[in-house]
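Here are some exercises on pockets, cavities and a few backbone oddities, each with a worked solution. Have a go at each task before reading on.

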Amino acid sequence: MKLAQRMERLAIESAFEVLVRARELERQGRHIIHLEIGEPDFETPRHIREAGKAAIDEGWTHYGPPQGLPELREAIAAEICRTRGVKAGPQHVCVVPGGKPVIFFPMLALLDPGDEVIYPNPGFPIYESMIGFLGAKPVPVPLLEERGFSFDLDIFHSRVNERTRLVILNSPQNPTGGVIPREDLAAIADMLRDRDAMVLSDEIYSRMSYSDEPFASIASFPGMLEKTIILDGFSKTYAMTGWRLGYGVMPVWLVDAVNKLMVNSNSCTASFTQRAGIAALNGPQDDVDSMIGEFRRRRDAFVAGLNRIPGFHAQLPQGAFYAFPNITGTGMKSKELARALLEEAGVACLSGASFGEHGEGYLRFSYANSLENLEEACARMEAFLQRIQK
Ligand SMILES: Cc1ncc(COP(=O)(O)O)c(C=O)c1O
């Protein structure tokens, strides 16, 4: 029996492939520093874990509403209003198992074959995978290092046309750590406001913004809330990647479509996980603040270390927990260098090219690891490059 043709158009995330190879090397007795997987190395804060455990004992172990528990949707709507300065209510919120379904379901609901989707390149690989899966047309827009990995607005403008159905934005960004400046968001909003197109604004790293400017969402610009799907969740902010809890905030007509897809796929998100989510949003935020403070310290130290490596040049990323150094000075291709660093230096990282063709010439490191390991990784990479460049 052969698989359906559409499966050929579905890609995977190379982070998981590199992780498998790194684990294999570990089984052979090698010591590997893991800078490939994008997840906080912190525990889920204690009060959230306790709320999840209590919820199981209290019987939150049954089906719930496909759209999510009303109390959690209230808490999410309040959070979105407060942090994005928009007027959204619980009727606009879909609670789903992680951030990824907010890519999957709205795209499934919105795109017909041939519809054009504009998205960042390099970018989170799932966007391109889903565009291909649905038979839509991928329209990548390069992110430019010299613009802090934001778009060239002229190029962006030239890609928008009457077939554009969806524009995907991601800020702070994976893999570059770039943040789209407020004035760029304003310009993008002006280009899209009067068009029959939606924006998927992936804001999963919204709390991890280190710039002096407060986080800005395209949804907060005039006329844009009703054209925007905000993607956010608990995985990164509350170190809850394994709980599978995320949400989308969108116009009610799209909520109805996502509900239908939930009924047909998951029925609902785990009820006790959602109770833990309520504790996360309504409880103390000190653990989140100290985790983000720690990421900032690591970012500063790690980027300084990367810039000491021959052939590497790294910008100071303004958000998320990724560094994306330019490695063209090494004379090696990204994939070749990423492979050699894993095999020869015991440092697991990702090739920039695995995030799209414009990622060639870069590597992605997740600095969600201890300062000690980050320093050791820089020392190993420096020694390796000195060795091969002799
Ligand atoms: C940009 C971006 N969006 C969405 C996600 C998905 O998050 P989740 O694990 O909650 O599905 C990730 C995870 O790496 C991400 O980097």
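## Exercise 1: the second largest pocket

The second largest pocket holds about 540 Å³ of space. This is a predicted model, in which local features need pLDDT of at least 70, side-chain atom pairs count only at pLDDT 80 or more, and totals for chains, interfaces and linings use all residues. Residues are numbered from 1 along each chain as its sequence is written, and side-chain values use heavy atoms, with hydrogens and water left out.

Task: work out which elements and residue classes line the second largest pocket.

Solution.
- Step 1, the terms. On a 1 Å grid over the protein atoms alone, a pocket is an open set of points with protein on both sides within 12 Å along at least five of seven lines, while a cavity is a set where a 1.4 Å probe fits but cannot get out; lining residues have an atom within 4 Å of a point. Points are joined across faces, edges and corners, and a volume is the space filled by probe spheres set on them.
- Step 2, the residues. There are 26 in the lining, and S14, E17, K335, S351 and S354 lie nearest the centre.
- Step 3, the elements. Two or more lining residues come from each of α1, β3 (116-121), α5, α11 (334-345) and β12 (350-351). Here helices (H or I, at least four residues) and strands (E, at least two) are DSSP runs, numbered from the N terminus. The largest share, 5 residues, is from α11.
- Step 4, the classes. Count 13 nonpolar, 6 polar and 7 charged residues. Ala, Val, Leu, Ile, Met, Phe, Trp, Tyr, Cys and Pro are nonpolar, Asp, Glu, Lys and Arg charged, and the others, Gly among them, polar.

## Exercise 2: the largest pocket and the ligand

Task: find where the ligand sits and describe what surrounds the ligand.

Solution.
- Step 1, the site. The ligand sits in the largest pocket, meaning that more than half of its atoms lie within 2 Å of the pocket's grid points.
- Step 2, the pocket. Its space is about 690 Å³. Of its 35 lining residues, I37, G38, E39, K236 and T241 are the closest to the centre. At least two lining residues each come from α1 (14-27), α5 (125-133) and β13 (363-366), and α1 gives the largest share, 5 residues. The lining divides into 15 nonpolar, 10 polar and 10 charged residues.
- Step 3, the shell. Of the 13 residues around the ligand, G99, D202, Y205, S235 and K236 come nearest; a residue is near if one of its heavy atoms lies within 4 Å. The shell has 4 nonpolar, 5 polar and 4 charged residues.
- Step 4, the polar contacts (pairs of N or O atoms within 3.5 Å). A ligand nitrogen is 2.6 Å from an N or O atom in the side chain of D202. A ligand oxygen lies 3.0 Å from a polar backbone atom of K100, and a polar side-chain atom of S235 is 2.6 Å from an oxygen of the ligand.
- Step 5, the cover. On its own the ligand has 400 Å² of accessible area, and the protein covers 93% of this (Shrake-Rupley method, 1.4 Å probe).

## Exercise 3: the cavities

Task: say how many cavities of 30 Å³ or more the structure has, and what lines the largest cavity.

Solution.
- Step 1. The search of the whole structure finds 3 such cavities.
- Step 2. About 40 Å³ of space lies in the largest cavity.
- Step 3. Its lining includes L169, N170, F215 and I218, and by class has 5 nonpolar, 4 polar and 1 charged.

## Exercise 4: backbone oddities

Task: locate the cis peptide bonds at P122 and P175 and the positive phi at F149.

Solution.
- Step 1. The bond from N121 to P122 is cis, with omega near 5°; P122 is in the loop between β3 and α5.
- Step 2. N174 and P175 are also joined by a cis bond, with omega about 20°, and P175 is in the loop between β6 (164-170) and α7 (182-192).
- Step 3. F149, a residue other than glycine, has phi near 60°, and is found in the loop between β4 (137-144) and β5 (150-151).

Technical notes:
A polar contact is a pair of N or O atoms within 3.5 Å; within protein, one must be able to donate a hydrogen and the other to accept it, and residues adjacent in sequence count only if both atoms are side-chain atoms.
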